[in-house]
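I opened the notebook to look up aromatic pairs, salt bridges and one loop residue. The entries follow in the order of the look-ups.

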Amino acid sequence: MSEALESWETELLEEALAEEAVRREDRAASWTETVTLLNRRYDPASRRDVWKRVVVRGVSWREAQETVAGTGGNILRENVAYLRIPKSAETEGKTYVPAGLYAGAEGTWTLQNGDYVALGTREEPEAGEAMGKRMRETGAYQIVGLADNRRGGLPHWRVTGKG
């Protein structure tokens with residue numbers, strides 16, 4: 001291969017890498033939102049769900065309305081939230097624990113289907129409070145989908161919620 005061709009290929013590769021770096025920077029710059037996650041765990045002593053709050057800063061949040069087919073051919077609209085939490089997000093100093101290991105210990109948080117997420121900072125729930133109704137009334141979304149994307153160039157969790 002000629003030197004000119006090798007030089008041209010090297011230049012193209014460097015340009016592509018520089019463009020990718022800019023795209024990553026742009027994506028990271030859009031991670032400016034704050035959300036409140038409410039993690040649920042079952043307390044066998046009280047025989048109730050107990051909710052723990054964590055406020056997460058530095059995330060990406062997008063809301064949309066999706067159209068889905070309902071029963072009998074009805075068309076339904078659903079409110080959906082898409083959340084991305086970078087591995088570097090501020091979580092009040094709490095440590096992420098995989099859902100299967102989450103026991104609600106102080107200083108921990110998790111992501112699991114059935115939990116709630118809301119844009120902004122929300123208050124700590126009261127003991128025994130009916131969370132489903134309260135969260136729907138305040139515009140929160142129930143988590144229905146998760147993906148752990150902590151590998152690669154932009155490590156994050158992707159969360160889908162329906163409200």
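**Aromatic pairs**

I searched the whole structure, a predicted model, and the search returned 5 aromatic pairs. I took Tyr96 and Trp109 to begin with: their ring centres lie 5.1 Å apart and their planes stand at 70 degrees, so I noted the pair as edge-to-face. The pair joins distant parts of the chain, with Tyr96 in strand β4 and Trp109 in strand β5, 13 residues apart.

I then asked what else pairs with the ring of Trp109. Trp157 does, with centres 5.5 Å apart and planes at 75 degrees, so this pair is edge-to-face as well. It also links distant parts of the chain: Trp109 sits in strand β5 and Trp157 in strand β8 (residues 156–162), 48 residues apart.

I looked up accessibility for the two tryptophans. Trp109 has 2% relative accessibility and is therefore buried, the cut-off being under 20%. Trp157, at 6%, counts as buried too. I entered Tyr96, Trp109 and Trp157 as one aromatic cluster.

**Salt bridges**

I ran the search for salt bridges over the whole structure and got 4. Among them is the bridge between the side chains of Lys52 and Glu106, at 2.9 Å from N to O. This pair links distant parts of the chain, 54 residues apart: Lys52 belongs to strand β2 (residues 48–69), and Glu106 to the loop between β4 (95–96) and β5 (108–109). I checked whether each partner is buried or exposed. Lys52 is partly exposed at 23% relative accessibility, whereas Glu106 is exposed, with a relative accessible area of 67%.

I noted a further bridge between the side chains of Lys94 and Glu92, with an N to O distance of 3.5 Å. Lys94 is partly exposed at 24%, and Glu92 is partly exposed at 33%.

Asp148 and Arg150 also meet through their side chains in a salt bridge, at 2.6 Å from N to O. I found Asp148 partly exposed, with 45% relative accessibility, and Arg150 partly exposed, with a relative accessible area of 30%.

**Gln112**

I looked up where Gln112 lies and placed it in the loop between β5 and β6 (116–119). Its relative accessible area is 15%, and since buried means under 20%, I entered Gln112 as buried. Which residues does Gln112 touch, not counting those up to four places away in sequence? I listed Arg40, Ala99, Tyr102, Ile143 and Leu146.

Terms used:
Residues are numbered from 1 along each chain as its sequence is written. This is a predicted model: local features need pLDDT of at least 70, side-chain atom pairs count only at pLDDT 80 or more; totals for chains, interfaces and linings use all residues. Side-chain values use heavy atoms; hydrogens and water are left out. Helices (H or I, at least four residues) and strands (E, at least two) are DSSP runs, numbered from the N terminus. Buried means under 20% relative accessible area, exposed over 50%, partly exposed in between (1.4 Å probe, protein chains only). Contact means heavy atoms within 4.5 Å. Rings of Phe, Tyr and Trp (its six-membered ring) pair if their centres lie within 6.5 Å; planes under 30 degrees apart count as stacked, over 60 as edge-to-face and the rest as tilted.
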